[in-house]
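Ready for a few warm-up exercises on a protein model? Grab a pencil, have a go at each task, and then check the worked solution below it.

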Amino acid sequence: MPRLAFYYEFGSTYSYLTASRIEQLAGDRGIEIDWHPFLLGPVLKRQGLNTSPFVVNPKKGAFMWRDVERAAANLGLPWKKPSIFPAHSLLASRIAYAGRTESWIGAFTRAVFHMSFALDEDISKPELMIALLRELELDADEIMRRADSTEVKIGLRASVAEAEALGVFGSPTFITESGELFWGNDRLDDALDATFMRIG
């Protein structure tokens with residue numbers, strides 16, 4: 001099957017919109033998703049930003065909140081502006097990195113985004129992540145141990161450097177097998193089409 005790499009940060013509003021539908025849309029085209037959770041903070045710091053550009057620029061931020069609210073409504077997604085933004089996504093990202101090739105990664109990713117942007121929960125809390133994993137009928141204790149391992153911690157840090165080397169500068173980002181990069185929730189269909197057409 002053709003594959004599309006999906007780079008996402010749990011603190012990203014537009015990644016919430018993408019994660020809710022990418023698996024279904026990709027499956028309809030016979031495309032496999034490679035899940036790449038990563039930390040956007042270090043990338044932004046190397047761009048000279050200490051926080052989200054939507055925080056740095058209040059007008060841009062105000063537009064984003066309304067834009068995401070509209071987009072969520074159009075997709076039939078629940079939406080609640082989070083109290084904490086950007087979210088503290090390190091723990092959720094470590095868990096996702098540990099499970100990035102597992103069958104549950106899509107469901108886990110969507111559930112974390114739902115917690116953050118539909119329920120306004122603090123995804124940095126271990127007890128919430130444990131409850132979420134158990135709700136998905138997974139071995140929460142084993143997964144949390146893996147997420148706290150040196151291997152995963154180093155791997156997640158390395159994934160940031162890997163993403164930057166591929167040209168990733170924001171979230172969500174999609175990269176085809178040929179190396180073509182698409183950025184933004186509004187470019188998901190273009191990325192899927194480019195992946196499908198190249199194979200076809």
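**Exercise 1.** Sort the residues that line the second largest pocket by class, then work out where they come from.

*Solution.* Keep in mind that you're looking at a predicted model.

- Step 1: sort by class. The lining splits into six nonpolar, five polar and six charged residues.
- Step 2: get the volume. The second largest pocket takes up about 270 Å³.
- Step 3: go to the middle. Out of 17 lining residues, Glu-32, Ile-33, Asp-34, Trp-35 and Arg-100 sit closest to the centre of this pocket.
- Step 4: find the elements. Helix H2 (22–28), E2 and H7 each give two or more residues to this lining. The top contributor is E2, with five residues.

**Exercise 2.** Now do the same for the largest pocket: find its volume, its central residues and the helices that build its lining.

*Solution.*

- Step 1: the volume. The largest pocket holds about 810 Å³ of space.
- Step 2: the centre. It has 33 lining residues, and those closest to its centre are Leu-40, Leu-44, Ser-52, Pro-53 and Phe-54.
- Step 3: the helices. At least two lining residues apiece come from helix H1 (13–19), helix H3 (40–46), helix H4 (53–56) and helix H5 (58–75). H3 gives the most, namely five.
- Step 4: the classes. Here you get 14 nonpolar, 14 polar and five charged residues.

**Exercise 3.** How do helix H6 and helix H7 run relative to each other, and which residues meet?

*Solution.*

- Step 1: locate the pair. H6 covers residues 90–98 and H7 covers residues 105–117.
- Step 2: check the axes. They come within 10 Å and cross at roughly 170°.
- Step 3: interpret the angle. Angles over 145 degrees count as roughly antiparallel, so H6 is roughly antiparallel to H7.
- Step 4: list the contacts. From H6, Ala-92, Ile-95 and Ala-96 meet Ile-105, Phe-108 and Val-112 of H7.
- Step 5: classify them. This contact has six nonpolar residues, with no polar and no charged ones.

**Exercise 4.** Is H6 largely enclosed or left open by the rest of the structure?

*Solution.*

- Step 1: count. Eight of the nine residues of H6 are buried, where buried means under 20% relative accessible area.
- Step 2: name them. They're Leu-91, Ala-92, Ser-93, Arg-94, Ile-95, Ala-96, Tyr-97 and Ala-98.
- Step 3: see what covers them. The cover includes strand E1 (3–8), strand E2 (32–37), H7, helix H8 (126–135), helix H9 (140–147) and helix H10 (150–165).
- Step 4: conclude. With eight of its nine residues buried, H6 is therefore largely enclosed by the rest of the structure.

Notes: Residues are numbered from 1 along each chain as its sequence is written. This is a predicted model: local features need pLDDT of at least 70, side-chain atom pairs count only at pLDDT 80 or more; totals for chains, interfaces and linings use all residues. Side-chain values use heavy atoms; hydrogens and water are left out. Axes are lines fitted to C-alpha atoms, for helices over the stretch in contact, and angles run from 0 to 180 degrees between N-to-C directions. Helices (H or I, at least four residues) and strands (E, at least two) are DSSP runs, numbered from the N terminus. Angles under 35 degrees count as roughly parallel, over 145 as roughly antiparallel, 65 to 115 as roughly perpendicular and the rest as oblique. Contact means heavy atoms within 4.5 Å. Ala, Val, Leu, Ile, Met, Phe, Trp, Tyr, Cys and Pro count as nonpolar, Asp, Glu, Lys and Arg as charged, and the others, Gly among them, as polar. Buried means under 20% relative accessible area, exposed over 50%, partly exposed in between (1.4 Å probe, protein chains only). On a 1 Å grid over the protein atoms alone, a cavity is a set of points where a 1.4 Å probe fits but cannot get out, and a pocket is an open set with protein on both sides within 12 Å along at least five of seven lines; lining residues have an atom within 4 Å of a point. Grid points are joined across faces, edges and corners, and a volume is the space filled by probe spheres set on the points.
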